[in-house]
Amino acid sequence: MTARLRMLAIACCGVSIGLIAMPPASAQSVEQFYKGRTVTLLVGTSPGGINDISARLVARHFGRFVPGTPSIVVQNNPGAGGLVTANRLYHNVEKDGTVLAKLERAVPQLAIQGDPNAQFDAMKLLWLGSLSSYADDAYLLAINARHPVTAIEEIRPGGKALNLGADSAASSNLIFAVIAKEVLGLNINVVRGYTGAATLFLAMARGEIDGQFVGLSSIKSGQRELWNRRGFRALMAFGRTARHPDFPDVPIGRELTGDRNALALIDFAELPFFIALPFAAPPGVPADRARALQAAFMAMCRDQAFLDDAEKLGIDMSPIDGDGVLKMLVKFAATPKDIIARYNAIGGERK
């Protein structure tokens with residue numbers, strides 16, 4: 001063997017030994033993977049509303065509980081009431097645990113009920129959990145405090161009318177405005193085309209609309225000055241089985257009808273409230289990272305600094321874990337088809 005061949009053989013041997021010594025990528029620990037990395041947290045709505053505020057709250061704290069303490073950055077990705085983000089999360093992001101999403105609560109329900117624009121399987125997403133199960137929240141019909149209507153009875157058929165602002169077909173504010181109009185028979189005109197609660201509050205302030213359906217926690221977190229001076233009037237609430245203690249004179253949707261079919265439809269429509277602030281990762285995240293992300297989410301929800309921050313923002317903290325979210329999705333899927341069909345039928349009014 002010539003000197004050149006001997007040197008080549010030694011070099012190849014060294015490379016082989018080096019390759020054997022290098023651990024495969026799959027052997028990388030969760031901490032090693034996340035150390036020094038940045039995780040993107042997608043938000044399916046515009047800045048300023050409860051989804052954006054809760055996402056930024058999580059971004060400030062979540063990294064402390066993930067092995068390797070990655071940085072978390074929020075990226076707003078609005079469109080189609082959150083469906084754009086859900087579709088992107090499912091199909092078009094890295095499935096390595098570096099992209100997460102704060103989804104609008106109605107988005108997984110749309111996939112289960114067969115909405116053609118929901119191009120994902122909600123049961124296959126990696127659910128980290130939900131910050132809220134709506135234990136101390138309510139979805140209010142909130143109007144300007146100066147409006148002459150003072151009680152829900154005044155907007156029954158033949159009475160006064162309200163102009164309510166709303167977002168797109170997947171948004172709760174539009175879904176429940178249509179239910180109030182079509183199922184409960186309230187005298188409501190739905191004004192579409194707004195994007196997020198913040199723009200709707202601006203429209204209310206300018207007098208473009210009389211009000212909107214909006215979460216109590218959204219008012220507390222995104223409209224603190226309005227909440228502190230009680231610059232709105234609540235007429236009714238969804239998302240509850242009993243009246244909210246802060247609004248004992250405000251009826252819930254179930255009180256406004258005795259029709260069994262209407263009550264069944266309201267039950268189905270309200271299911272997303274019990275996973276009110278859900279967070280997810282795409283399918284296919286390696287199992288060890290998936291477990292770490294789910295554990296980190298619940299550890300964060302127990303952390304006092306996080307809870308103090310959430311309380312300052314007015315966010316209802318009644319968390320459930322990823323398994324709890326999946327159980328709710330199973331309940332969605334078990335809803336009788338005739339109820340889903342009726343819900344989809346009134347959905348024509350939302351388009």
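**Salt bridges, cores and helix packing in a predicted model**

Arg254 is partly exposed, with a relative accessible area of 23%. This value, like the others here, comes from a predicted model. A good place to start is the company that Arg254 keeps. Its side chain forms a salt bridge with that of Asp267, with 2.5 Å from N to O. The two residues belong to distant parts of the chain, 13 residues apart: Asp267 sits in helix H10 (residues 260–270), and Arg254 in the loop between E9 and H10. Asp267 also counts as partly exposed, at 35% relative accessibility. Glu270 takes part as well, since salt bridges that share partners join Arg254, Asp267 and Glu270 into one network.

Under the rule used here, the model has nine salt bridges in total. In general terms, side chains of opposite charge can pair when their charged atoms come close. Another such pair is Arg60 with Asp309, whose side chains meet at 3.2 Å, N to O. Arg60 lies in helix H3 and Asp309 in helix H12, so this salt bridge ties together parts that are 249 residues apart in sequence. The two partners fall into separate classes of exposure: Arg60 counts as partly exposed at 47% relative accessibility, whereas Asp309 has 17% and therefore counts as buried, the limit being under 20%. A further salt bridge joins the side chains of Glu154 and Lys160, at 3.5 Å from N to O. Here Glu154 is partly exposed at 23% relative accessibility, and Lys160 is partly exposed at 41%.

Attention now turns to the interior. In soluble globular proteins, nonpolar side chains tend to be buried together. The largest nonpolar core of this model contains 99 residues, and those with the most contacts inside it are Phe62, Phe120, Leu141, Ile179, Phe213 and Phe238. Helix H11 (residues 287–302) supplies the largest share of this core, with eight residues. A view of the surroundings of Phe238 helps to picture the core. Beyond its neighbours within four places in sequence, Phe238 is in contact with residues including Tyr134, Ala138, Phe176, Ile179, Phe213, Ile266 and Phe273. Glu270, a member of the salt-bridge network with Arg254 and Asp267, is also among the contacts of Phe238. Apart from this core lies another one, of 21 residues, with Leu140, Leu226, Ala234 and Phe247 among them.

Helix H11 also packs against helix H12 (residues 304–313), at an angle of about 70 degrees and with the axes 5 Å apart. This angle makes H11 roughly perpendicular to H12. The contact brings Met300, Cys301 and Arg302 of H11 together with Gln304, Phe306 and Leu307 of H12. By class, four of the residues in this contact are nonpolar, one is polar and one is charged.

Two details of the backbone complete the picture. Most residues other than glycine have a negative phi. Thr69, however, has a positive phi, near 40 degrees. Thr69 is found in the loop between helix H3 (50–61) and strand E2 (71–76). With a relative accessible area of 52%, Thr69 is exposed, because the limit for that class is over 50%. Arg230 has a positive phi too, of about 50 degrees, although it is not a glycine. Its place is the loop between helix H9 (224–228) and strand E9 (232–238), and Arg230 is partly exposed, with a relative accessible area of 44%.

Methods: Residues numbered from 1 in each chain as written. Predicted model: local features only at pLDDT ≥ 70, side-chain atom pairs only at ≥ 80, totals over all residues. Heavy atoms only, no water. Helix = DSSP H or I, 4+ residues; strand = E, 2+ residues; numbered from the N terminus. Buried < 20%, exposed > 50% of the residue type's maximum accessible area, 1.4 Å probe, protein only. Core = buried A, V, L, I, M, F, W, Y, C linked by side-chain atoms within 4.5 Å. Contact = heavy atoms within 4.5 Å. Axes fitted to C-alpha atoms, helices over the stretch in contact; angles between N-to-C directions. Parallel < 35°, antiparallel > 145°, perpendicular 65-115°, else oblique. Nonpolar A, V, L, I, M, F, W, Y, C, P; charged D, E, K, R; others polar. Salt bridge = Lys/Arg side-chain N within 4 Å of Asp/Glu carboxyl O.
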